[in-house]
Amino acid sequence: MADVLLLQGVRKSYGGGASPRVEVLHGIDMALEEGSFAALTGPSGSGKSTLLNIIGLLEPPTEGELRMAGTLSSGLDDAARTTLRNRYLGFIFQFHHLLPAFSAEENVLMPMLAGVGRINRDDRARASMLLQRVGLAEHAHKRPVQLSGGQQQRVAIVRALMNRPRLVLADEPTGNLDTQTAAEVFGLLHELNREEGTTFLIVTHDPRLADTCQQQFKLLDGRLL
Amino acid sequence: MSFVWTVAWRLLREGRFQTALILGGVCIGVAVVVYITAIVNGLQATIVERTLSSQAHVVLRPADRNNQPVLRVPAGTVALADIRKRTQRENTIANWSRLLNVVKATPTVTAAAAMAAGPGVAQQGGVRKSVTLMGVSLADYQQVVRLDNKLVSGQLLLGSGQVLVGKELAADLGLTPGSRLRLQSASGTQDSVQVSAVLDFGIKDLNRRWVLLPLRSAQNLLGYRLDITEIYVRTSELHEAETLAANLSAATGLTADSWQSSNGQLVTALKSQRASSLMIRVFVTFAVALSIASVLVVSVVQRQREIGILRAMGTPATRILGVFLLQGGIVGLVGSVFGSLLGGGLAVGFTHIAKTEDGSPLFPVVLDSELFISTALIAFAVGVLAALMPALRAARLDPVEAIRG
């Protein structure tokens, strides 16, 4: 199968000029197959967040190439990278980061509304289907504060899937949940990976959860082991 | 609904306290602007109307006769000659019916009336009063200066041997409609006439001096033969009277005075009043813009993380910009609606407080749809402009930094 994500010789450094130059990533090569379920692990300070931001097209690499679903990201301006993010990527954050002013359903619809500018009946149908899939049909019109931590994270997960992305990036999606809820949420990610065929790349600290993934990338001091 | 509308509206609705603050600011600002504009416009319209109620908009008089220098001096040479103004003869306008037609045919002139005016004495019993004899054709004169609203008693009739007098003169001489009095010109010609009506011109001095009589009688009394001394002109473009005066002067060769040049101090006072009210409005608008901008800046800082998430999930920066610009616009527009109501209400309330002795309002406030529409449009534009700085700040947020907080 084709690679959804391909990184070649990606380096990232910060500073320069007056402040000392610090290289955080020292040449990363990695490839993610379409439909795979991968974990990215490593101690804090190993460069996980930076790598995730680069893969998420939120910051450009200092050196090296990144291909997202075949599109070369270098040389793209902010508007083009924004469009790529909207079309090909889904984000799940450690703290659900739902928008408090909007209901669960509106939060799920938001990536479509944000990218296309408006939503149609099919989008609404998909949003309620996704909420139903994660057992939140009756909570669709509740605000995030009215939901439990696990429910909030499930809304955030289906929000990431709304635009049928090629790759979902999850940054410690269970880091904020108790062990049992964390296991349930992780199980849900596995199921959605199979059902929707979406590729997942999950940053986690938890080795037991990481072991359930088909593929594991271990990052140490800015290099993949 | 589109993204920009949905998010802008929702953020305003959620930030209740901030939205209330900002709306309050806009509302008060707009109310002040509407109130001041309504009061000043009403006041000025009333002052101008009262001033012009017994005046023509433009008055044409005979041109001055000047002495011509005997020597033509070449350029660059100074003539040590003292050219004095000639002692004026009784200066009148002859062959005036042609000029009157020229005046009437000029654009924006709605009416014109001939007048033969001069000094005279009114006598009743042993009392003599110095007056101004004003010979007019009543029908023409009334088209230039309204008289029906100045009638105190009697009937507006000006047949041969009839006169209209001001109420102070009537009181001084003990005249009522039907009374007779004797008019005498400076040259000594006399005529006995009957009062047909007593008028109130609104100014005591005029009430004491003005005597309106038929044109022909005035010409006879004053010895003008068939000449007149003034042409009174009314125009539809009140504020263009100066231009009209210049045009009429050029077309007729007469001296033309607009109401503005005859009431120089009043015009200056009106202008400075308008300028000061404009200054107030400009500064209030600035204050409103600053209050919108400052509240939105705080809102952007508070919602930094949400903006970052929206950017991360692929919201174009232009849409974020639109969200905050629209918030400014909505706040401006909604605030202007409430502010217009408040300001209009205050202005109407003011007319109930400020009353003349007889209980009628001191002056009517001018609340027209033009004022409200222009206020709303300006408020919308000011809202959008004030939101520009916070909106740019929101649009330029780096999603990584914003989410990290």
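This tour moves through chain A and then chain B, naming at each stop what to select and what is there. The model is predicted, so local features are described only where pLDDT is at least 70 and side-chain atom pairs count only at pLDDT 80 or more, whereas totals for chains, interfaces and linings use all residues. Residues are numbered from 1 along each chain as its sequence is written, and chains are lettered from A, with ligands numbered from 1, in the order in which they are written.

**Chain A**

Select residues 5-225 of chain A, which an unreviewed UniProt entry annotates as "domain: ABC transporter"; such annotations may be inferred rather than shown by experiment. Over these residues the chain is 37% helix and 28% strand, where helices are DSSP runs of H or I of at least four residues and strands are runs of E of at least two, numbered from the N terminus.

Next, select helix α4(A), residues 121-133. At 1.5 Å a residue, taken over one less than the number of residues, its 13 residues should span 18 Å, and the end C-alpha atoms are indeed 18 Å apart. Now colour A:A127, A:L130 and A:L131, the buried residues of this helix, a residue being buried if 20 or more other C-beta atoms lie within 10 Å of its own and exposed if 12 or fewer, with C-beta atoms placed from the backbone. They cover an arc of only 100 degrees around the axis, which puts them on the same side of α4(A). On the other side, A:R121, A:D122, A:A125 and A:M129 are exposed. What covers the buried residues includes α3 (104-116) and α5 (149-161) of chain A. After the helix comes A:G135, whose phi is positive, near 75 degrees.

**Chain B**

Select residues 278-301 of chain B, one of the spans that the unreviewed UniProt entry annotates as "transmembrane region". This span is 100% helix, with its end C-alpha atoms 35 Å apart. Residues 371-392 of chain B, also under that annotation, are likewise 100% helix, and their end C-alpha atoms lie 31 Å apart.

Move to strand β10(B), residues 255-258, where B:A256 and B:S258 form the covered face and B:T255 and B:D257 the uncovered one. In a regular strand the side chains alternate between the two faces of the sheet. Strand β1(B), residues 58-61, pairs with β10(B) in the antiparallel sense over 4 bridges, at least two DSSP bridges being needed for a pair. Within this pairing, B:L60 has B:A256 as its bridge partner.

Note on methods:
The arc is that of the directions from the helix axis to the C-beta atoms. Two residues are in contact if their C-beta atoms, placed from the backbone, lie within 7 Å.
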